[in-house]
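Thanks for coming. I have one model to go through today, and I will keep to what can be read from the coordinates.

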Amino acid sequence: MWIIDSICQDQQNAFDYLHQLGEMEKEAESAVDEELNRWIHKKEELIEKKETLLCSKQNIWSDIHVEEAREDIHELKSAVEFLQSLKLGFQKQVKLSDFTGRTVAIDASCWIHKALAVSISQSGNRQRLADIFRKYLLIVKRAAMTIYIVFDGLLLPAKASEVEQRQSDREERLRKADNASLSSKEANKFRSQAASITFDDISTCIDICLEENVRYVMSPYEADAQITFLLNNGYADMVITEDSDLLAYGCKEVIMKLCLSGEGQHLLLDDILDGLKLNFQQFQNMCIVAGCDYLHNVRGIGIRGAYKIISSGDDMFSTLENKGAPNNYKDHFHETKAVFSHQTVFDVNTLKTVPLHMWESNTSTKTKHLCGKYPLYTLACYVCPCGCRMGVLEVTCNSTPNDSVEDMSPKTNGQEEIKIHIINVEEQPFSYNIPSFPVMSVDLLKVQYTWNGVTHLGVINAKEHSALKVGNYTCTSHCKINIGGVDYLVLWELHCDMATSCSAPIDPPGFNSVFNDEGETNVREVQETHCLPFKVLGTCYSTSRQKALEMAFDCMNEYNRPVFVKLKAEPTNQHDKNAIAVHIMTIDDWDKVGYIASELTKYLHEPLKANALDVTVNEVRFRTTFMLVGYYLTIDITKMGLWDDTVIKASSKVK
DNA sequence: CACTAGTGATACCA
DNA sequence: CCTCGTCACTAGTG
């Protein structure tokens with residue numbers, strides 16, 4: 001604008017100026033060009049860098065097999081769905097009590113994750129984690145099963161993109177949670193989705209295992225491989241887990257989807273193999289061909305495609321190449337197979353890390369590295385099978401698999417009994433942080449003891465043996481430990497040779513005799529009755545209802561004490577004059593926990609008035625699906641004569 | 001038609 | 001600083 005003005009006022013000057021401007025523009029242009037070139041160059045650099053990164057990402061897949069195996073889970077779930085669709089009937093609904101006396105290995109991570117999600121969605125913090133974890137533990141204990149809890153091991157460096165993706169997902173959810181327009185309840189739900197397991201959480205759960213005298217194993221890498229090892233070597237008979245990938249590892253007997261009522265789905269690998277007419281190797285191949293992360297499935301090959309290829313008996317690699325598999329597919333396939341077969345696990349007997357299955361002699365060193373000999377050292381914790389105390393063992397692995405753990409393995413078997421004489425106990429405990437695992441720390445006391453006439457240095461758990469005196473002891477659980485370059489023997493479990501006091505576990509309060517009989521007598525005397533389950537709605541409406549139901553759950557499952565139910569019409573209910581509320585009594589008071597579905601109330605009013613209904617608890621169920629977390633109640637309503645078909649239909653339709 | 005890949009919605013009563 | 005969802009449905013493909 002101003003230039004037009006000046007043209008009008010002084011043409012010559014203006015033209016000069018325009019000329020100048022033109023020169024300036026030229027300069028500017030070349031400057032822009034330069035800048036542009038710089039950026040183009042930079043872009044090329046970045047692309048190059050990105051390619052290098054991508055390349056190295058492929059090369060270091062050994063480090064990330066934990067992440068990748070996670071992908072398998074997804075695919076294998078569809079494998080199970082597929083099996084279901086074949087209607088093989090391999091899956092049976094069972095109760096845990098059917099397995100009394102068996103030894104079970106449990107994948108702890110699914111419980112922790114579930115419990116954490118519940119805790120945060122309910123209260124916004126992690127406080128209830130311990131509570132819920134213990135509940136799960138107790139239902140297995142109550143079935144009188146021997147337990148091995150298996151925790152996931154050290155985290156390996158994960159794929160950068162994967163981690164970023166997950167991180168951003170989590171941040172997105174947290175951002176949603178901070179949205180002010182949401183109620184605190186909704187916000188907590190978003191937070192629960194963003195929650196991730198921390199070392200503290202694991203520590204909490206380990207403490208619970210110790211308190212409950214439950215053996216646990218810290219797996220060097222994946223819990224799944226560790227569990228498979230326990231099963232293959234007879235340390236456990238069966239598995240409890242949420243994931244079906246245990247089947248692909250070769251676990252024979254799996255219980256999935258265990259809920260707090262003690263019910264779950266029971267799977268036998270042999271049934272599945274029979275049904276599919278495959279041997280185990282073929283089954284495992286099928287699972288891999290159907291796709292996992294670092295060995296992505298060939299586009300267009302899903303679970304059925306994989307099944308067809310495997311069951312046809314043709315050479316699967318040529319078939320897959322025809323379908324567009326990349327050249328290196330075969331190599332990657334074998335590497336995947338190795339991770340499934342030879343992943344490093346912890347041998348609870350020899351206290352060494354070993355491959356899940358022995359290596360074939362001609363396996364390349366490179367492939368061996370892929371299965372978890374990589375870290376310089378790892379750690380395994382266990383509770384000795386004879387006693388109840390924890391043993392800790394530091395296992396150092398060399399980076400070359402061949403001379404893996406020979407030097408560092410303890411000379412003594414941790415379960416072998418030794419008779420010792422303690423001659424000196426230091427007064428001041430010191431805290432020992434277990435290397436590479438930040439949360440595990442124990443307070444130890446240094447002691448001197450003689451064994452076979454030779455004096456040794458040892459340590460004892462300060463908490464457990466605070467009042468330990470000099471004298472003769474039998475040690476039933478011990479392991480070697482190295483502190484500041486000095487070897488000590490950790491004496492986990494000590495029995496004084498003179499005293500034989502043994503504190504029995506405390507039984508839950510015995511309500512049984514008082515209540516057990518009367519609840520059932522009424523039902524039995526009535527003949528020609530018909531019992532129908534009714535779902536109770538609105539149980540998650542308020543925390544008071546949830547609290548009452550939680551109490552009911554504990555009464556039924558922990559104390560074997562009956563819970564009484566009654567129906568109560570609410571003619572004064574503002575929304576529906578026909579409303580029928582459901583009340584339960586646990587200890588001494590009636591609590592309203594929900595309502596009968598509105599479409600069913602009309603069938604109940606008359607017999608209710610006539611006092612002709614008998615109402616009992618069918619089940620209290622704890623559910624943890626997305627956005628739906630809490631205790632749900634189903635009641636049985638029994639009446640004289642048969643329920644009408646319309647009622648049966650309507651009742652089954654509810655929710 | 002059989003199968004796969006991708007997407008979106010999911011919850012709380014009377 | 002820190003681990004995992006699932007179902008039902010649809011559009012697309014060979």
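I will start with the whole chain, then take the cores, one helix and its two partners, and a few single residues.

First, the status of what you see: this is a predicted model. Chain A has 655 residues, and 45% of them are buried. The chain holds 21 helices and 23 strands. If you take the contacts with a sequence separation of 6 or more, 65% of them are between residues 24 or more positions apart.

Now the cores. As background, nonpolar side chains in soluble globular proteins tend to be buried together. In this model the largest nonpolar core has 72 residues. Which of its members touch the most others? They are W111, V140, I149, F151 and I635. Counted by element, helix α4, residues 108-123, contributes the most to this core, with 8 residues. There is also a second core, separate from that one, with 52 residues. Among its members are M256, I272, M286 and V348. Keep M286 in mind, since it returns in a moment.

Let me stay with F151 briefly. Setting aside neighbours within four places in sequence, F151 has contacts with A108, I112, I202, C205, I206, C209, Y216, V217, M218, S219 and A223. One of those, V217, sits in strand β4, residues 215-218. V217 has a relative accessible area of 0%, so it is buried. Its C-alpha atom is 9.3 Å from that of I227, which is 10 residues away along the chain.

Next, helix packing. The usual description of two packed helices is the angle between their axes together with the distance between the axes. The helix I picked is α12, residues 280-289, and its first partner here is α13, residues 303-312. Their axes are 8 Å apart, at an angle of about 140°. That angle makes α12 oblique to α13. The crossing of α12 and α13 is right-handed. Who makes the contact? From α12 there are Q282, N285, M286 and V289, and from α13 there are I303, A306, Y307 and I310. In terms of class, the contact of α12 with α13 has 6 nonpolar residues, 2 polar ones and no charged ones. M286, then, takes part in this contact and is also a member of the second core.

The other partner is α15, residues 329-342. The axes of α12 and α15 come within 11 Å and cross at roughly 120°. Again the angle makes α12 oblique to its partner, here α15. The crossing of α12 past α15 is right-handed. On the α12 side the residues are Q281, Q284, N285, I288 and V289; on the α15 side they are Y329, F333, T336, K337, F340 and S341. By class, the contact of α12 with α15 has 5 nonpolar, 5 polar and 1 charged residues.

N285 of α12 appears in the contact with α13 and in the contact with α15. How buried or exposed is N285? At a relative accessible area of 14%, N285 counts as buried, because the limit is under 20%. Outside its neighbours within four places in sequence, N285 touches I310, M316, F333 and K337. Of these, I310 is on the α13 side of the first contact, while F333 and K337 are on the α15 side of the second.

Now the end of the chain. V654 is in the segment after α21, which covers 645-653. V654 is buried, with a relative accessible area of 4%. Leaving out neighbours within four places, its contacts are K535, L537, A597, E599 and L600. The C-alpha atoms of V654 and F534 are 8.4 Å apart, although 120 residues separate them along the chain.

Last, two backbone angles. Most residues other than glycine have a negative phi. N452 has a positive phi, near 55°. N452 is in the loop between β14 (441-451) and β15 (454-461), and it is exposed, with a relative accessible area of 66%. N560 also has a positive phi, near 50°. N560 lies in the loop between α19 (543-557) and β19 (564-569). Its relative accessible area is 42%, so N560 is partly exposed.

That is the end of my list.

Terms used:
Residues numbered from 1 in each chain as written. Chains lettered and ligands numbered in written order. Predicted model: local features only at pLDDT ≥ 70, side-chain atom pairs only at ≥ 80, totals over all residues. Heavy atoms only, no water. Axes fitted to C-alpha atoms, helices over the stretch in contact; angles between N-to-C directions. Helix = DSSP H or I, 4+ residues; strand = E, 2+ residues; numbered from the N terminus. Parallel < 35°, antiparallel > 145°, perpendicular 65-115°, else oblique. Left-handed = near helix turned anticlockwise from the far one by under 90°. Contact = heavy atoms within 4.5 Å. Nonpolar A, V, L, I, M, F, W, Y, C, P; charged D, E, K, R; others polar. Core = buried A, V, L, I, M, F, W, Y, C linked by side-chain atoms within 4.5 Å. Buried < 20%, exposed > 50% of the residue type's maximum accessible area, 1.4 Å probe, protein only.
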